[in-house]
Protein chains: 2
Amino acid sequence: MKLSTRGRYGLMAMYQLALEFSDEPISLKYIAEKQGLSENYLEQLFSNLKRDGLIQSVRGAQGGYILSRLPSDITVGEVLRSLEGTLAPADCVMHDFDCSKEENCVTKLVLVKIKNSIDSVVDSITLRDMVEETLNN
Amino acid sequence: MKLSTRGRYGLMAMYQLALEFSDEPISLKYIAEKQGLSENYLEQLFSNLKRDGLIQSVRGAQGGYILSRLPSDITVGEVLRSLEGTLAPADCVMHDFDCSKEENCVTKLVLVKIKNSIDSVVDSITLRDMVEETLNN
DNA sequence: TTGAAAGCCGACTGAAGTGGTTGGGATTAA
DNA sequence: TTAATCCCAACCACTTCAGTCGGCTTTCAA
């Protein structure tokens, strides 16, 4: 029931982008150093985030990445789902899943409750919230 | 962010024990058949559940397992933690973990919120709740 | 104009985790 | 005494994880 490093690292990186949000792109190298992560690995994660429209890239020297939207308009849930896939605790809780033993599966009801609870938390926190939480300390 | 089969299968098995709760032990073979699970695999899971005092075993022919407490007194959280370990979405959220970058880690605040949310859901559902949910359908 | 800085992309890899299986005990009711 | 049952440890194939590596392409700045 662990979040993989993809989700965690990606969130740390997105937080950094939010923290230094401006019209200037920020390089992967900088983010990796700032957060103590592998630049090459982060690259893979950013490809997901870009594909899902959460960040934009600027190629060439002095290039880097920028958030596609305001930090207040990007939720932790969007970031995690982009990197981890659905946050359902089991496949049978996903929309398009056809569970053969649909009836009689009380366990599924429990799993759905867990999923909803996770969703409601991560969708209620934005990158801006995270930034503000830093500033308050 | 998935629950492994350990947690899911174990919960299904415990549900079966709750459903047929009496003073007679129920054999692993029966549970495995009833829920469509591997008997040998379930065995491993039951060793955890027994170690953690959630079930008691009766050896020998006509033996099997019984819940150690009333279904209404065993929560889904206890079952899942016995099988999966802590339900924290990352190691840094566990009690005894010493995170080197303790400060400056906003991500951890988010992870803690996720953990608390999961805990409160699974600790609020008992095996009896699951049984009742079946009977209502 | 040319080199360095950056993003882009696909292949590869060692280590760990998952989801079991197998075999051989020890106990006990019938 | 035998079959049913729990107990235990080892093994295994497969997948996922957490990166690394090498070689592109694009673009700014000197």
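1. Which residues come nearest to DNA strand D? Out of the 26 residues around that strand, the nearest are Ser38(A), Glu43(B), Lys50(B), Ser57(B) and Tyr65(B). As for the DNA side, 63% of the strand D atoms that come within 4 Å of the protein belong to sugar and phosphate. Keep in mind that this is a predicted model.

2. A few individual polar pairs are worth pulling up in your viewer. Ser57(B) puts a polar side-chain atom 2.6 Å from a phosphate oxygen of DNA strand D. With Arg59(A), a polar side-chain atom sits 2.9 Å from a base oxygen of strand D. Ala61(B) uses its backbone instead: a polar atom there is 3.4 Å from a base nitrogen of DNA strand D.

3. Now for the elements behind that surface. Those giving two or more residues to it are, in chain A, helix 1 (5–19) and helix 3 (39–51), and in chain B, helix 3 (39–51), strand 1 (55–58) and strand 2 (64–67). Sorted by class, the surface near DNA strand D holds 14 polar, eight nonpolar and four charged residues.

4. On to chain A as a whole. It has six helices and two strands, running α-α-α-β-β-α-α-α along the sequence. Its C-alpha atoms fill a box of roughly 60 × 35 × 25 Å along the principal axes.

5. Last, packing and surface. Of the 137 residues in chain A, 47% are buried. Taking contacts in chain A between residues at least 6 apart in sequence, 66% link residues at least 24 apart. Chain A exposes about 6900 Å², with 47% of that area coming from carbon and sulfur atoms.

How values were computed:
Residues numbered from 1 in each chain as written. Chains lettered and ligands numbered in written order. Predicted model: local features only at pLDDT ≥ 70, side-chain atom pairs only at ≥ 80, totals over all residues. Heavy atoms only, no water. Near = heavy atom within 4 Å. Polar contact = N/O pair within 3.5 Å; in protein donor to acceptor, adjacent residues only side chain to side chain. Helix = DSSP H or I, 4+ residues; strand = E, 2+ residues; numbered from the N terminus. Nonpolar A, V, L, I, M, F, W, Y, C, P; charged D, E, K, R; others polar. Buried < 20%, exposed > 50% of the residue type's maximum accessible area, 1.4 Å probe, protein only. Contact = heavy atoms within 4.5 Å. Areas by Shrake-Rupley, 256 points an atom, 1.4 Å probe, with all protein chains shown as cover.
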